[in-house]
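Hello,

Here is the structure I promised to pass on. My notes on its cavities and disulfides follow below it.

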Amino acid sequence: MPPTYHESPPPSSPPITPPTYQANNQPPPPQVTPASASPSTYKDSSKPPAIFVFGDGLLDVGNNNYLQPSEVGEPHKSMTGRFSNGYNMGDLIGTYGFTGVNYASADAGIFNNPYISIIFPQQVEYFAATRDQLEAQLGGLEPLNEFLSRSFFLIGVGAEDLVPSQFYTSWDRRPGVPGLIQLYGEKLMALHEMGARRFGIINVGLIGCGREVDTRFNVSADGCDNEVNKLAAEFNVALATLLSSLSSKLPGFRYSLADFYGFMNATFANPSAAGFVDITSACYHYYPSTPCSNVDQYWFWDDFAYPTQRAAYLAATTFYNGPEKFTTPVNFKQLSDMFASLLCSGCFAATTVFAVISSATATAEIGLKSCTIGCKT
């Protein structure tokens, strides 16, 4: 069974026990962000009918459990595949009334990498398979295009392509920032060609901060590698330029760019104001260690520099409904509200939409129910 999620965001320090999944020789259970919603969810037809999530471990809700043994030990002594002590950013953004399919995979990059993961181009291919199933379920291309044009496409990828262990090696001739942005753009255009219109994009955070960074080089007094952070900033500037260009060239392309880099920078400049006492070390170093007792006061959950549930919650709520300072040109909620202008007399409500992802295939079992609503202006 898919996990159950709150219909409204949890409190700043939610007492949540993460859902658990059992791996076996059968197709894995659904990995959902968020879980199945009831038909009543879509009576308010100003909301997007579905969310499709792409990216790396920041958004992965457990897909990598079915690619390799999980090493993610949780304070609750359960393993969900999340690199978090609870919910991650993909979960938390999903709590705002969405239902949909999550393709995100920890260690995934824009470019090929040596790790066992579902890289971004492959995730887009998996979406194409989901799209074919949706077309059959919805009854044709026209209702499919309406459904997808009103859906929300959440993407957070790029960090794994820039961290020193990958970017500065020659094993795969990494393309550098211009090449990464070119490939990123190609995949966004591919999604647009398949019907996507509303994109919530999370840029790359302060990847020069956190225990995974090689501290032998370019480390400042705050423990961060400034050269790596400059590389992330370069990528983010190019990403912003790419999105602006696509919005002027592609019909109906709308986006919200969430500034994870800027949000981390602002939080780290005054961590106590956000309730953090440690922004440099990890709360948990994995088995056989024991997690810290004050996890809500840590930004970093683990040695891979993924955020704690509380850090993810603060970022997710800011990106969804926060100030213009950290989202441009609109926030995620404003992007979602744009769907109201597209409504007409027909809609298709997804009562069950989820993805089953394995190392060889990605399939989605989809249940849909049509409904009739009045137009809104």
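To start with a small puzzle: is Cys224 buried or exposed? Cys224 is buried, at a relative accessible area of 7% (buried is under 20%, exposed over 50%, partly exposed in between, with a 1.4 Å probe and protein chains only).

Please keep in mind that this is a predicted model, in which local features need pLDDT of at least 70 and side-chain atom pairs count only at pLDDT 80 or more, while totals for chains, interfaces and linings use all residues. Residues are numbered from 1 along each chain as its sequence is written, and side-chain values use heavy atoms, leaving out hydrogens and water.

The whole structure has two disulfides (pairs of cysteine sulfur atoms within 2.5 Å). One is formed by Cys209 and Cys224, with 1.9 Å between the sulfur atoms. This link is right-handed, with 115° about the S-S bond. Cys209 is buried too, at 4%.

The other disulfide joins Cys283 to Cys292, S to S 2.1 Å. Its S-S torsion is about -105°, so this disulfide is left-handed. Cys283 counts as buried at 4% relative accessibility, and Cys292 does at 18%.

As for the largest cavity (a set of points on a 1 Å grid over the protein atoms alone where a 1.4 Å probe fits but cannot get out; lining residues have an atom within 4 Å of a point), 23 residues line it, and Leu58, Ala159, Ile207, Phe260 and Ala305 lie nearest its centre.

Enjoy looking through it!

Best wishes

Technical notes: On a 1 Å grid over the protein atoms alone, a cavity is a set of points where a 1.4 Å probe fits but cannot get out, and a pocket is an open set with protein on both sides within 12 Å along at least five of seven lines; lining residues have an atom within 4 Å of a point.
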